[in-house]
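User: I would like to go through this model piece by piece, with each term explained as it comes up. Please reason briefly before giving each answer.

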There are 2 protein chains.
Amino acid sequence: MAFSPLVDELVESLRCLPGVGQKTAQRMAFHLLERARSGGVRLSDALSNAMEGVRRCESCQNFSDTEVCGICDNPARSNGTLCVVESPSDLLAIEQAGDYKGSYFVLMGHLSPIDGVGPEEIGIERLLRRVGEDGVTELILATNPTVEGEATAHYISDRLDGSGILITRLAHGIPVGGELGYVDGFTLTHAFRGRKPLLD
Amino acid sequence: MAFSPLVDELVESLRCLPGVGQKTAQRMAFHLLERARSGGVRLSDALSNAMEGVRRCESCQNFSDTEVCGICDNPARSNGTLCVVESPSDLLAIEQAGDYKGSYFVLMGHLSPIDGVGPEEIGIERLLRRVGEDGVTELILATNPTVEGEATAHYISDRLDGSGILITRLAHGIPVGGELGYVDGFTLTHAFRGRKPLLD
């Protein structure tokens with residue numbers, strides 16, 4: 001852009017956001033400049049504060065402002081159940097569902113030897129240490145139902161073999177509100193195998 | 001999010017970007033925190049500099065770091081041709097095409113009485129003043145080929161009626177590289193009416 005180095009730099013910087021290319025970055029920059037200057041200033045402050053202040057929780061590896069995050073620090077949630085998820089957004093989805101009241105461990109990824117991600121990179125040792133120290137009685141492996149997620153779940157369960165801890169995996173089945181005609185074959189097979197008596 | 005007020009605030013602030021909802025804002029925030037902290041810091045600086053420093057060019061209304069923008073300030077471009085566009089991104093598209101060497105006037109919108117946008121809001125008086133003062137010989141009305149864009153172009157041309165200035169509008173026709181089968185009827189009609197002898 002010939003007309004403004006500041007706008008140029010803003011467009012270029014916006015491209016570090018995921019899914020934002022040249023055109024979208026331009027549209028965002030012009031929108032902020034034309035109609036949302038106060039929003040832009042707020043975003044600038046929020047970014048600088050978050051980039052500076054957000055670290056990993058010592059206990060669950062999730063993002064946190066403090067050494068130990070709010071969930072790990074909550075005595076009401078240390079009830080012996082630990083749920084292992086791949087990412088903070090998985091944790092958030094479970095929190096928003098609102099039913100689970102135990103604590104979490106966030107791997108921040110999954111085992112993927114081809115990308116150089118081994119047990120160390122996702123903090124498996126820290127997880128095992130926590131399982132031993134915190135008197136965990138049930139470990140829920142809520143990694144994604146993908147090849148890497150399944151492999152990660154199996155690796156963790158192998159490492160805890162013989163420890164006497166109950167290790168569970170989330171149920172597969174038909175999504176609530178879904179229509180049978182749109183459900184894929186694997187999910188349907190899982191749903192049939194996992195069927196339950198109606199009057200439980 | 002229970003786990004971090006800083007991440008909360010970052011997600012909330014990202015939602016001021018156009019087309020960014022809750023889920024996308026979350027994905028952006030986690031991406032920056034996990035993999036692009038330096039990009040986040042750069043974006044924060046670029047935002048704060050741009051929100052603070054970018055203003056409107058006194059001469060063409062486009063975004064500029066200085067009182068008069070680089071294009072208006074360039075003596076090589078004051079050649080009596082003035083191109084009127086609706087937005088900075090339209091100007092950018094014309095600049096990237098690289099053929100036009102005159103100057104611009106950016107309306108930052110179009111006439112739209114229903115939204116309360118009249119001639120004053122888009123700086124028509126300033127445009128007319130500039131046309132009078134700068135010895136403009138041709139005024140190219142490059143507003144968008146939409147109802148509002150056409151209305152704006154007609155309004156400006158009416159206001160300059162009898163001034164002796166050549167007023168032109170961009171040609172309609174088949175896009176270069178396009179296939180006839182995919183071109184809509186209006187455009188085809190325009191293309192037929194605007195046909196030219198092959199050996200010009």
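User: At what angle does helix H4 (residues 88-97) of chain A run to S4(A), given that it lies across strand S3 (81-85) and S4 of chain A?

Analyst: Residues are numbered from 1 along each chain as its sequence is written, with chains lettered from A and ligands numbered from 1 in the order in which they are written. This is a predicted model, in which local features need pLDDT of at least 70, side-chain atom pairs count only at pLDDT 80 or more, and totals for chains, interfaces and linings use all residues, while side-chain values use heavy atoms and leave out hydrogens and water. Helices (H or I, at least four residues) and strands (E, at least two) are DSSP runs numbered from the N terminus, contact means heavy atoms within 4.5 Å, and axes are lines fitted to C-alpha atoms, for helices over the stretch in contact, with angles from 0 to 180 degrees between N-to-C directions. On that basis helix H4 of chain A, lying across S3 and S4 of chain A, runs to S4(A) at about 160°.

User: Which strands stand at the edges of the open four-stranded sheet of chain A?

Analyst: Two strands are taken to pair if DSSP finds at least two bridges between them, and in chain A this gives an open sheet of four strands in parallel pairing, with the order S4-S3-S5-S6. Neighbouring strands of this sheet are turned against each other by 25° on average, direction ignored. The strands that pair on one side only, and are therefore the edges under the pairing rule, are S4 (103-106) and S6 (166-169) of chain A.

User: Which residue in S6(A) is the bridge partner of A:Leu139?

Analyst: Strand S5 (residues 138-141) of chain A pairs with S6(A) in the parallel sense over four bridges. S3(A) and S4(A) are likewise joined in the parallel sense over four bridges, and there A:Leu82 has A:Ser103 as its partner in S4(A). For A:Leu139, the partner in S6(A) is A:Ile167.

User: Are the residues A:Ser103, A:Tyr104, A:Phe105 and A:Val106 of S4(A) buried or exposed?

Analyst: Buried means under 20% relative accessible area and exposed over 50%, with partly exposed in between (1.4 Å probe, protein chains only). A:Ser103 and A:Phe105 point one way from S4(A), whereas A:Tyr104 and A:Val106 point the other way. By that scale, all of these residues are buried.

User: How far apart are the C-alpha centres of domain 1 and domain 2 of chain A?

Analyst: Domain bounds come from an automatic or database domain assignment, which divides chain A into domain 1 (5-53) and domain 2 (63-169). The distance between their C-alpha centres is 34 Å.

User: What percentage of residues 80-175 of chain A is strand?

Analyst: An unreviewed UniProt entry places the feature "domain: Toprim" at these residues; positions from UniProt are given in the numbering used here, feature names are shortened, and annotations may be inferred rather than shown by experiment. The end C-alpha atoms of this span are 28 Å apart, and the chain here is 34% helix, while the strand share is 18%.

User: How far apart are the end C-alpha atoms of residues 57-72 of chain A?

Analyst: For this span, UniProt lists "zinc finger region: C4-type", again from an unreviewed entry. The span is 0% helix and 12% strand, and its end C-alpha atoms are separated by 8 Å.

User: How many disulfides are there over all chains?

Analyst: A disulfide is counted where a pair of cysteine sulfur atoms lies within 2.5 Å. The sulfur of B:Cys69 is 3.7 Å from the closest cysteine sulfur, that of B:Cys72, and so is too far for a bond; B:Cys69 is also buried, at 1% relative accessibility. Over all chains the count by this rule is zero.

User: Which cysteine has the sulfur nearest to that of A:Cys72?

Analyst: A:Cys72 counts as buried, with a relative accessible area of 16%. A:Cys72 is in no disulfide, and the nearest cysteine sulfur, 3.6 Å away, belongs to A:Cys60.

User: Which residues of chain A does B:Ser64 contact?

Analyst: B:Ser64 is found in strand S2 (residues 63-64) of chain B and is buried, with a relative accessible area of 0%. Leaving aside neighbours within four places in sequence, its contacts in chain B are B:Gly53, B:Val54, B:Arg55, B:Cys57 and B:Cys69, and those in chain A are A:Phe3 and A:Ser4.
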